[in-house]
Every structure is written in structure tokens, then in C-alpha cells.
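Biologist: Please put the model up, and I will ask about it piece by piece.

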Amino acid sequence: MRVGISGGTFDPIHTGHIKSALCAKEQLSLDKVFFVPCGEPPHKLSRRITPDADRVEMIKRSIDGIEGLDVSTYEVDKEEYSFSVDTVKYFAEQYPTAELFFIIGADVVGELCHWKSIDEIFKICSFAVLKRPGCDEEKFYRDIEENRKNGGTLYEVADAQVDVASEQIREAVKNQGPDAEIVKKYVAPKAAEYIKEKELYVKELPFDEKFALADMKRRLKPERFKHCLRVSAEAVRIAKEFGIDEEKCRIAGLFHDCGKEVSFHQLYWLDPKLQDEALPENGGSMKVIHGPAGSLIARKKYGIIDREILDAIRFHVTGAPDMGPVAQVVFLADYTEPGRDDEALKDIRKYFATCPRTEEGLAAAIVKACDSSIAFVKSKNDFLCPATLATREAFYRKKGDIQ
Ligand SMILES: [Fe+2]
Ligand SMILES: [Fe+2]
């Protein structure tokens with residue numbers, strides 16, 4: 001038996017995916033091609049993909065009645081994000097006597113060398129590389145040759161010319177509704193019906209705390225994740241004492257560091273401007289940028305729309321002269337949460353325990369926090385962020401005569 005594996009987000013699946021699978025099936029005499037929708041990719045930060053069940057259902061409806069096409073829920077059923085090496089191993093186990101072909105687009109061949117455990121994958125399966133009419137042939141064959149040298153078995157498949165991307169379909173539904181022309185043209189009627197029924201792509205997915213927390217847990221180091229939980233609890237405690245919105249502080253505290261551990265490369269996909277902002281020559285740093293990056297992830301991927309929460313995440317690293325009460329609480333909770341134990345923080349905690357439970361008292365504690373941050377940065381000879389200095393100045397004025 002000869003089995004093809006076609007992975008992707010399929011959000012949504014369109015005729016291009018189906019035609020490519022059929023091209024591979026026909027030209028390589030495959031008995032079956034499985035569409036394998038992936039789970040939520042942890043490295044994709046700017047968007048949350050449509051729930052697994054919906055994407056699987058759209059695939060089922062699109063391939064209904066087409067012989068030799070099937071869907072596998074292996075990756076979406078997995079708790080952890082599945083890498084291609086796990087998926088091919090799974091298929092090798094399921095079909096021990098079958099010959100496996102991983103179907104990929106021409107644009108991916110050049111990146112195969114970066115795939116996790118590519119040597120192992122090369123031993124388990126071959127690759128069917130789709131060649132679109134009009135592609136850069138020189139690069140296509142060079143990439144194929146390179147992978148053959150590395151031990152891969154690659155076959156060329158002449159792909160059908162279907163010029164559509166799932167993103168265009170999503171955009172069209174969002175802007176023109178589910179009856180948009182592009183949907184009729186490129187989405188199977190039964191899948192298009194499903195998009196309409198479930199109102200997919202019309203609006204952003206709403207905030208789902210369980211999803212967001214699981215996603216953040218997967219991306220952050222365990223210690224940092226625990227720190228987020230502690231900041232959240234601490235923010236609630238402070239909010240209660242100062243009469244500030246506890247729920248907003250809880251959520252903002254919980255996700256304040258969701259932009260940590262994001263690479264310089266990932267910043268680009270969140271917003272190209274963030275990369276510039278992070279460059280030292282522009283007065284930025286990767287340390288400071290996790291505030292703005294986190295605020296974008298919280299909005300784009302987690303669906304948080306509350307301005308106060310987003311600002312609290314955005315400003316928690318440097319502070320901001322005009323930050324509101326929720327941002328002030330989170331800024332402070334990041335210092336006073338009980339898990340941090342350096343001496344300077346103990347001082348802030350001690351001061352904070354006795355300062356007046358008023359706006360001025362909170363402002364005075366923020367001045368202390370800024371002082372500690374400024375002293376720390378100076379001791380390390382690090383770049384001193386102007387926003388922290390401006391925050392200190394503004395809150396020094398706000399605190400009035402509180403010492
Ligand atoms: Fe942080
Ligand atoms: Fe933090």
C-alpha cells in the first residue's frame with residue numbers, strides 16, 4: 001500500500017488542497033492520502049486557529065465522496081503540539097507495510113533541513129514535492145538535490161494551478177460574509193455551508209481563558225508560568241485593598257508575561273514594527289519588548305479586547321506615565337509577588353505593606369518600584385529605558401507629600 005500524508009492547518013481546507021492531494025495520488029499511484037490537520041501551533045502568535053473539531057469537519061465534508069482521500073485526527077487529538085517526525089512515526093506504526101509519502105509544497109523543500117529530526121523522517125518516508133506551474137525551477141531543483149544529498153527520497157509532482165490561500169478565504173468571509181465569491185469558487189459547498197452555519201471567520205474568536213492559559217503554559221518555562229500565576233494572585237490582593245477592578249487585574253496579571261520567550265524572528269510575525277522597536281539602536285531591547293509583544297499576543301491570539309488589561313500587559317515592564325489603575329496594580333504586583341526574593345524587592349514589599357491604601361499611596365509604591373528598577377539597570381550598566389524615568393517622574397508628582 002502507498003499512503004500520502006498531507007499536513008497543514010486547513011483553516012479552511014480549499015480546492016487547492018484537494019487538487020494537490022489528488023495530483024500526488026494519481027502521479028505516485030497512492031492508494032490513500034490523509035489530510036492531517038495540525039493542533040494549535042505554539043509558534044504562531046498572531047492568530048488563534050479555528051477549533052480542531054471545526055477544521056476536521058470541514059475536511060470531512062470537502063472530501064466526502066472523493067475516493068482515496070481521508071482525514072486523520074492524530075495531531076489534533078494529541079495533547080502536545082505534534083512535530084512531523086511524530087506524525088510519520090505514527091503512520092509507520094499504523095501502516096507497517098505501507099510506503100509513506102509526505103506531501104509538501106515547493107516552498108517548503110528548502111526548509112526541510114530545519115525540520116526536527118529530518119534524518120529520521122528521511123528514513124521513514126519519502127517526500128512528494130508539489131511543483132506549481134511557473135515556479136522558480138532553478139531553486140526547485142536545487143532544493144530537491146540538496147535534500148537528496150542529505151539522504152532524502154523526493155519525488156516531483158506536477159501540481160494543479162489553484163491560486164488561493166486559506167487566509168484569503170478567511171478575509172473574504174470576514175469582510176463580505178460567507179457568501180463571498182471566493183468561498184463559492186474555492187470551498188466545497190458542504191464545507192461552505194458549515195462555515196455559514198457555525199459563523200466561522202466572521203468575527204475573532206472570543207477570549208477563552210482555558211485555551212489561553214494552556215497555550216501560554218506550553219510556551220513559557222515552568223518557573224515563569226508559575227510567576228504569572230503568582231502575579232495574578234498578587235494583583236487581585238492589591239486590587240482588593242485599593243478598590244480596583246479585581247477581575248481585570250487577575251487576567252492582566254495572569255497574562256502579563258505571555259510575550260516572554262518570543263524570539264526576534266517571531267516579533268516580525270506579530271508586527272514588523274516590533275523588530276525595529278526591539279533594536280538597541282532604536283533604544284529598545286528584547287527584555288523590554290515582551291510588554292508590547294505580550295499585549296499583541298493577548299489581543300490577536302487570546303482574544304482579549306479590554307483596553308485596560310491590554311495596557312497593563314503592554315506597560316508592565318517599563319511602566320508608563322499615564323498608566324491606569326489596572327496597569328499600576330500589575331506593574332507593582334510584578335515586583336511584590338512572593339516568589340521573588342532579591343533584597344531590593346523586599347524593601348518595596350515592606351514599604352508597600354504600610355503605605356496608605358489610596359491613589360497617592362499606590363503612586364508612592366510605584367515610585368519605589370521605579371527607583372529599584374533604575375538602580376538595578378544602572379548596576380548592570382544596562383540601557384535605562386526613558387519610559388521608566390518618565391513613569392517615576394509622573395508618579396512622584398501623583399504621590400504628593402507621601403514619603
Ligand atoms: Fe515581564
Ligand atoms: Fe513578570
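Biologist: Which residue in β3 is the bridge partner of Phe35?

Modeller: This is a predicted model, and in it β2 (residues 32–37) runs parallel to strand β3 (residues 69–71), joined by 3 bridges. In β3, Phe35 is bridged to Val71.

Biologist: On the β1 side, which residue of β2 stands opposite Ile5?

Modeller: Strand β1 (residues 2–8) pairs with β2 in the parallel sense, over 6 bridges. The residue opposite Ile5 is Phe34.

Biologist: What handedness does the β-α-β unit of β2, helix α2 and β3 have?

Modeller: β1, helix α1 (residues 15–27) and β2 form a right-handed unit. For β2, helix α2 (residues 52–63) and β3, the unit is likewise right-handed.

Biologist: How many of the residues of β2 are buried?

Modeller: A residue is buried if 20 or more other C-beta atoms lie within 10 Å of its own. Strand β2 is mostly covered, and of its 6 residues the buried ones number 5.

Biologist: In the loop between β1 and α1, where Pro12 is found, what is the peptide bond from Asp11 to Pro12, cis or trans?

Modeller: Most peptide bonds are trans. From Asp11 to Pro12, omega is near 0°, and the bond is cis.

Biologist: Is Ser117 buried, partly exposed or exposed, and what is its phi?

Modeller: Ser117 lies in the loop between α5 (106–109) and α6 (118–124). It has 15 C-beta neighbours inside 10 Å, so it counts as partly exposed. Its phi is positive although Ser117 is not glycine, with a value near 50°.

Biologist: And Asn381, is it buried or exposed?

Modeller: Asn381 sits in the loop between α20 (359–379) and α21 (386–398). It is not a glycine, yet its phi is positive, about 55°. It has 7 C-beta neighbours inside 10 Å, so Asn381 counts as exposed.

Biologist: How far apart are the centres of domain 1 and domain 2?

Modeller: The domain assignment gives domain 1 as 2–197 and domain 2 as 209–398. In contact across them are 8 residues of domain 1 and 11 residues of domain 2. On the domain 1 side, these divide into 3 nonpolar, 2 polar and 3 charged. Taken over C-alpha atoms, the distance between the centres is 40 Å.

Biologist: Tyr201 is in the loop between α10 and α11; which residues does it touch beyond four places in sequence?

Modeller: Tyr201 has 23 other C-beta atoms within 10 Å, so it is buried. Its C-alpha is 50 Å from that of Asp347, a residue 146 places away in sequence. Leaving out residues up to four places away, Tyr201 touches Arg170, Val173, Lys174 and Ile195.

Biologist: Why is helix α13 described as largely enclosed, and which helices do its buried residues pack against?

Modeller: Helix α13 (residues 246–255) is largely enclosed because 8 of its 10 residues are buried. Among the buried ones are Cys249, Ala252 and Phe255. They pack against α11, α12, α16, α17 and α18.

Biologist: Which helix gives the largest share of the largest nonpolar core?

Modeller: That core has 52 residues, and Ala235, Ala252, Phe255, Val329 and Val330 are those with the most contacts inside it. Val330 is in contact with residues including Val231, Cys249 and His316. The largest share, 8 residues, comes from helix α18.

Biologist: How many residues does the other core, with Leu30 and Phe122 among its members, have?

Modeller: This core lies apart from the largest one, and Leu130 and Ile169 also belong to it. The number of its residues is 51.

Technical notes:
Residues are numbered from 1 along each chain as its sequence is written. Chains are lettered from A and ligands numbered from 1 in the order in which they are written. This is a predicted model: local features need pLDDT of at least 70, side-chain atom pairs count only at pLDDT 80 or more; totals for chains, interfaces and linings use all residues. A nonpolar core is a set of buried Ala, Val, Leu, Ile, Met, Phe, Trp, Tyr and Cys residues joined through C-beta atoms within 7 Å. A residue is buried if 20 or more other C-beta atoms lie within 10 Å of its own, exposed if 12 or fewer, and partly exposed in between; C-beta atoms are placed from the backbone. Helices (H or I, at least four residues) and strands (E, at least two) are DSSP runs, numbered from the N terminus. Two residues are in contact if their C-beta atoms, placed from the backbone, lie within 7 Å. Two strands pair if DSSP finds at least two bridges between them. A crossover is right-handed if, with the strands pointing away from the viewer, the path from the first strand over the helix to the second runs clockwise. Domain bounds come from an automatic or database domain assignment. Ala, Val, Leu, Ile, Met, Phe, Trp, Tyr, Cys and Pro count as nonpolar, Asp, Glu, Lys and Arg as charged, and the others, Gly among them, as polar.
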